[in-house]
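Visitor: Please choose one strand in this structure and take me through it closely. I am new to the structure, so begin with the whole and then go on to the part and what goes with it.

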Amino acid sequence: MLQIEIDNGSGFCFGVTTAIQKAEEELAAGKTLYCLGDIVHNGMECERLKKLGLVTINHEEMSRLHGVKVLLRAHGEPPSTYELARENDIEIIDATCPVVLQLQRRIKRQYDACPEAQIVIFGKPGHAEVLGLVGQTESKAIVIANVEEVKRLDFTRDIYLYSQTTKSLDEFHRIIEYIQEHISPDATFKSFDTICRQVANRMPNISAFASRHDLVLFVCGRKSSNGKVLFNECKSVNPNSHLIEGPEEIKKEWLEGVNTIGICGATSTPKWLMEQCRDAIIS
């Protein structure tokens, strides 16, 4: 008999849960609410909230709004967004994740104290959170996506290294090791482990989960940064792992000859969507 298990450790992290709750509270009061960017990197959850009245906008569209309410999602925003809100009399509903907010403040303090140093952020270029972090340094921070890109740093100058909250802990440590090996004895190097443990701790858990099933369905929006990291971990442990955005992507041939199926997801994956995938298999 086929057994299906939904991973209890998967689903929204604290930051995403809070952002969605704030949106739902405003919408329940019948108020018009705009959200700057997708509230979560999951198309189906965004569609659900759109039906409740949430209007997703970009920065250009926000610049044309006046006297409205705009929700800032968990990823956070650079100072320029808050300045625009003040200029346009926009009320901000700030759902920036506390972990991200703390990181923004640390980077700003470091930049203000030592603006001539290289502030380096290990992160995905163009990612919403990374843009908010770079904004704390008047856009002077250097973003590196992987160990290979570390080589373009100036190792004769001071380096202060931070990480996007959802990046891989292992790769962050490899970057630290590389810099330590190449930094000039006359330069200062300091690293700050700013990776969210809600995400980092999921790595060993999701690895164990993936290893005990014949088939793993990783439910995740394809724009999710931490989703890619977690899925790759599943795939490395269990090659019979597939990334899907919803139940309609499940292929019948995947189910042939399997006895156990594990369904898991990213910090941006709603529980209801994982349950839909389960129901699609058993229906």
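**Strand E6 and its setting**

Guide: Of the 283 residues in the protein, 53% are buried. Here buried stands for a relative accessible area under 20%, exposed for one over 50%, and partly exposed for values in between, with a 1.4 Å probe and protein chains only. The model is a predicted one, in which local features need pLDDT of at least 70 and side-chain atom pairs count only at pLDDT 80 or more, while totals for chains, interfaces and linings use all residues. Residues are numbered from 1 along each chain as its sequence is written, and side-chain values use heavy atoms, with hydrogens and water left out.

Some overall values come before the strand. The protein has 11 helices and 12 strands; these are DSSP runs numbered from the N terminus, of at least four residues for helices (H or I) and at least two for strands (E). Its C-alpha trace spans about 65 × 50 × 25 Å along the principal axes. The radius of gyration is 21 Å, which agrees with the value near 19 Å that a compact globule of 283 residues would have. That radius is taken over C-alpha atoms, and the globule rule is 2.2 Å times the number of residues to the power 0.38. Among contacts with a separation of 6 or more, 71% are between residues 24 or more positions apart, where contact means heavy atoms within 4.5 Å. The accessible surface comes to about 13400 Å², and carbon and sulfur atoms hold 49% of that area; the Shrake-Rupley method with a 1.4 Å probe gives these areas, and for residues only the protein chains shown count as cover.

Now the part itself. Strand E6 covers residues 118-122, and 5 of its 5 residues are buried, so the rest of the structure largely encloses E6. Gln118, Val120 and Phe122 point one way from E6, Ile119 and Ile121 point the other way, and all of these residues are buried.

E6 also has partners. It pairs in the parallel sense with strand E8 (residues 159-163) over 5 bridges, and in the parallel sense with strand E7 (residues 142-144) over 3 bridges. Two strands count as paired if DSSP finds at least two bridges between them. To place this on the chain, the bridge partner of isoleucine 121 in E8 is tyrosine 162, and the bridge partner of valine 120 in E7 is isoleucine 142.

The loop between E7 and E8 holds aspartate 158. This aspartate 158 counts as partly exposed, at 24% relative accessibility. Apart from neighbours within four places in sequence, aspartate 158 is in contact with Ala117, Gln118, Ala187 and Thr188; Gln118 is one of the residues of E6. From aspartate 158 to valine 68, 90 residues apart along the chain, the C-alpha atoms are separated by 43 Å.

On the other side of E7 in sequence, a loop runs between helix H6 (128-134) and E7, and glutamate 138 is placed in it. Serine 139 is in the loop between H6 and E7 as well. Most residues other than glycine have a negative phi. The phi of glutamate 138 is near 55 degrees, a positive value, and serine 139 has a positive phi of about 65 degrees. Glutamate 138 is exposed, with a relative accessible area of 57%, and serine 139 is exposed at 58%.

Helix H6 itself contains glycine 132, which is buried at a relative accessible area of 0%. Leaving out neighbours within four places in sequence, glycine 132 contacts Glu77, Pro78 and Gln104. Between glycine 132 and glycine 221, 89 residues apart in sequence, the C-alpha distance is 21 Å.

Another strand may be set beside E6. Strand E2 (residues 33-36) has both faces covered, with Leu33 and Cys35 buried on one side and Tyr34 and Leu36 buried on the other. E2 runs parallel to strand E3 (residues 54-57), joined by 4 bridges, and leucine 36 stands opposite isoleucine 57 in E3. Isoleucine 57 is buried, with a relative accessible area of 7%. Beyond its neighbours within four places in sequence, the contacts of isoleucine 57 include Tyr34, Cys35, Leu36 and Val70.
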